[in-house]
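Here is a guided walk through one protein chain. Keep the structure in view and follow the residues as they come up.

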Amino acid sequence: MKSWLSFLLPNDEYKEKKILYFLSEGSIVLLIALFSIFISSRYVFNFQLDIEFALFASIFIFLGYVLLRYIISGMEYTDVATEHAYKKELTHIFSRTCSFGIIYMLLYFIFVGIPSKQNEWGELLGLLLSICLIWFIISFISLKISYKKNKELL
């Protein structure tokens, strides 16, 4: 019997199993983090912690752990085992990141409008470049690890 989470999981049985492991590990890490926040704010440091900060930190801990485990597992790019496939996928990652940046900028102009002040341009471009850079770095690391892992399996 499938869970309600099944539609979020890949069809590949190996990937599905690994992702479920990552999610369960993340929930245990989250439980430990929440317990630590509770104990430290209540008994050790005796300070009042803002509830929004605690919730945001908890979400970040869980998602960050699961994302990090997925990236370093090397299972995202299963078909990249040759130098040619590696370079092709790297080009694809770069074009996908640039496409995201362009589409985001166009949608921003449509729904928000063109920024009128110089600092608004700086904020928009800074946010957009930061997101694109982080996305590219994450994808690149995952590709590199997948390539090394697949190359060893051959």
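Buried residues make up 23% of the 154 residues in this chain. The model is a predicted one. Its accessible surface comes to about 11,500 Å². Carbon and sulfur atoms account for 70% of that surface.

Now take the overall fold. The chain has four helices and zero strands. Read from the N terminus, the order of elements is α-α-α-α. The radius of gyration is 20 Å, well over the 15 Å that the globule rule gives for 154 residues, so the chain is more spread out than a compact globule. Along the principal axes, the C-alpha atoms fill a box of roughly 55 × 50 × 30 Å.

How do the contacts spread along the sequence? Consider the contacts with a separation of 6 or more. Of these, 71% are between residues 24 or more positions apart. The charges can be placed too. The chain carries 14 positive and 13 negative charges. The mean positions of the two sets are 6 Å apart.

Start the tour of single residues in helix α1, which covers residues 13-44. K15 lies in this helix. Is K15 buried or exposed? Its relative accessible area is 16%. Buried means under 20%, so K15 counts as buried. Which residues does K15 touch, leaving aside neighbours within four places in sequence? They are P10, M75, E76 and T78. With M75 there is a polar detail as well. The side chain of K15 reaches the backbone oxygen of M75 at 3.5 Å. Compare this with E52, which is 37 residues from K15 along the chain. The C-alpha atoms of K15 and E52 are separated by 33 Å.

Move on to helix α2, residues 51-73. S58 sits there. S58 has a relative accessibility of 8%, so this serine counts as buried. Beyond residues up to four places away in sequence, S58 touches L30, L34 and I37.

The last stop is helix α4, which runs over residues 118-153. Two of its residues deserve a look. One is E120, found in this helix. E120 is partly exposed, with a relative accessible area of 31%. The cut-offs explain the label: partly exposed lies between the 20% limit for buried and the 50% limit for exposed. The side chain of E120 reaches the backbone nitrogen of S116 at 3.1 Å. How far is E120 from S146, C-alpha to C-alpha? The two are 39 Å apart in space, and 26 residues apart in sequence.

The other is N150, also placed in helix α4. N150 has 10% relative accessibility, so this residue counts as buried. What does N150 touch, not counting residues up to four places away in sequence? Its contacts are Y77, T78, D79, V80 and A81. T78 offers a polar partner too. The backbone oxygen of T78 lies 3.3 Å from a polar atom of the N150 side chain.

T78 links two parts of this tour. It is in contact with K15 of helix α1. It is also touched by N150 of helix α4.

Definitions and conventions
Residues numbered from 1 in each chain as written. Predicted model: local features only at pLDDT ≥ 70, side-chain atom pairs only at ≥ 80, totals over all residues. Heavy atoms only, no water. Rg over C-alpha atoms; globule rule 2.2 N^0.38 Å. Buried < 20%, exposed > 50% of the residue type's maximum accessible area, 1.4 Å probe, protein only. Contact = heavy atoms within 4.5 Å. Areas by Shrake-Rupley, 256 points an atom, 1.4 Å probe, with all protein chains shown as cover. Lys, Arg positive; Asp, Glu negative; His and termini not counted. Charge placed at Lys NZ, Arg CZ, Asp CG, Glu CD. Polar contact = N/O pair within 3.5 Å; in protein donor to acceptor, adjacent residues only side chain to side chain.
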